[in-house]
Amino acid sequence: MPPVRPLPGMRDETPQELHRRTTARDILQAHLSAHGYRAIDTPLLEPTELFLRKSGGELATRMYTFNDPGGNRVSLRPEFTPSVIRYYLERAGEEPLPLRLQYSGPVFRYDEAGRFNQAHQAGAEVIGAASPDSDGEMLALAMDGLSRLGAPSPQCVVGHVGVLHLMLGELGISSRAQEFLIGCLPGLRASSVNAADVLEQARSRGLVKGEDGSRAPVLPTNGGGRQDAIDALRHLFHDSLSGIQGSRSTDEILARFMSKQEQGDDPASVERGVSLLSRVASSAGDEEQAMSRLASALREHGIGRECLSPLEEALAAFHIRRPDTPVMVDVGLVRGIAYYTGMVFEIRAGGSGSEVAVCGGGRYDGLVKAIGGLEDVPALGFAYTLENLLGLLPEDAPRSLEESHSAPGYSQRR
């Protein structure tokens, strides 16, 4: 009988590998604790809905999801942030804001390449911090952690989803169309789609009015009218609507949804938006160059430079803490998770030609309400991927918590 082997992307750790990982985790946790981030733990298994409320389709396709023996739809956590927000909501009002929390543990995302279907993260979240100064603090905090570990040639790449929304809003593009266009940025940057492709997709999704002012139907109705579309929606979302609570009836909710779907954008505005984002996708570079390219793209589209202010303020706050650390700016950085609303960043390490993403995060001011809060609460955070980090360090590193204390970093304590 053949032996039972680990699943693809799942692996055992030797005593030496486990020691390296737990040492790296301890160094990062001590670093975060020194800045006022208290450690919590959350369940490995959560209701699937927790991760689907705002995370986006890309994450949903990579989750390990199944029905438990009690019939509940559950998922192994693919990330920590929604769980941390759920933790906060269950205790809202018990502690003053801003609330600084940290965590560590395994996460699970299906990877077709089968490299790390199970990985280990260590990260931090701050809930109730709205200012650009908080953005700068988190960037510096993340970079300092890598200094503690001795990560080679770390490079911080910063974008800003909020700036993208401001740009597109100045062109008169609706929120729905903005979300769609921003979601197309990775394809525009990789040249896997072009402007014509994006416009055609927008038309096919009913986001753009036709030349006669009409919109493509959102749902096939076999020639029927609006009520047929509502009936189709009721059938499609029967399970989701069955337990709905509130003052509005199911028909009222569906009618409101249809009304939103029937509002199409002006084709010329969307075309200008695609043109602008094409420029944005190719504007990445060192901070000075990238900001100059972005300002030029805004001028060409009749948009004032003040749209860049939230990004400029976050970068200024970062440079106060780490004045000698250069930053790459890439406003086309979206990171594939739909809940980001402001600054986003990714830290890569390993040197030119062999960079690996070892840390990432950003601001998500709408997630608290999406998960069940009564109102929006500003929040942001980041996470390190320990496997990626350890793959860049010498075999005998990290050595100890004590040695990491001598690493440089910003001294501001919160």
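The legends below describe close-up views of one predicted model. Residues are numbered from 1 along each chain as its sequence is written, and side-chain values use heavy atoms, with hydrogens and water left out. In this predicted model, local features need pLDDT of at least 70 and side-chain atom pairs count only at pLDDT 80 or more, while totals for chains, interfaces and linings use all residues.

**View 1. An open sheet of three strands, in the order β2-β4-β3, with antiparallel pairing.** Strands are DSSP runs (E, at least two residues) and helices likewise (H or I, at least four), numbered from the N terminus, and two strands are said to pair if DSSP finds at least two bridges between them. The edge strands are β2 and β3, each of which pairs on one side only. Neighbouring strands of this sheet are turned by 40° against each other on average, direction ignored, where the axes are lines fitted to C-alpha atoms (for helices over the stretch in contact) and angles run from 0 to 180 degrees between N-to-C directions.

**View 2. The pairings of strand β4, residues 73–76.** With strand β2 (residues 45–47), β4 pairs in the antiparallel sense over three bridges, and here Leu-45 stands opposite Leu-76. With strand β3 (residues 65–67), β4 again pairs in the antiparallel sense over three bridges; Thr-65 has Ser-75 as its bridge partner, and Phe-66 has Val-74. Five residues lie between the strands in the hairpin of β3 and β4, where Gly-71 takes a positive phi near 85°.

**View 3. Helix α14, residues 287–300, and its surroundings.** The expected span, 1.5 Å times one less than the number of residues, is 20 Å for the 14 residues of α14, which agrees with the 20 Å between its end C-alpha atoms. Its buried residues (under 20% relative accessible area, with exposed over 50% and partly exposed in between, for a 1.4 Å probe and protein chains only) include Ala-290, Met-291 and Leu-294. The buried residues of α14 pack against elements including α6 (161–170), α13 (267–281) and α15 (309–321), contact meaning heavy atoms within 4.5 Å. After α14 comes Gly-302, whose phi is positive, near 70°.

**View 4. Strand β11, residues 356–363, and its partners.** Six of the eight residues of β11 are buried, so this strand is largely enclosed by the rest of the structure. Six bridges join β11 to strand β10 (residues 343–349), and the two run antiparallel; five bridges join β11 to strand β12 (residues 379–385), also antiparallel. Gly-361 of β11 stands opposite Phe-345 and has Phe-382 as its bridge partner in β12.
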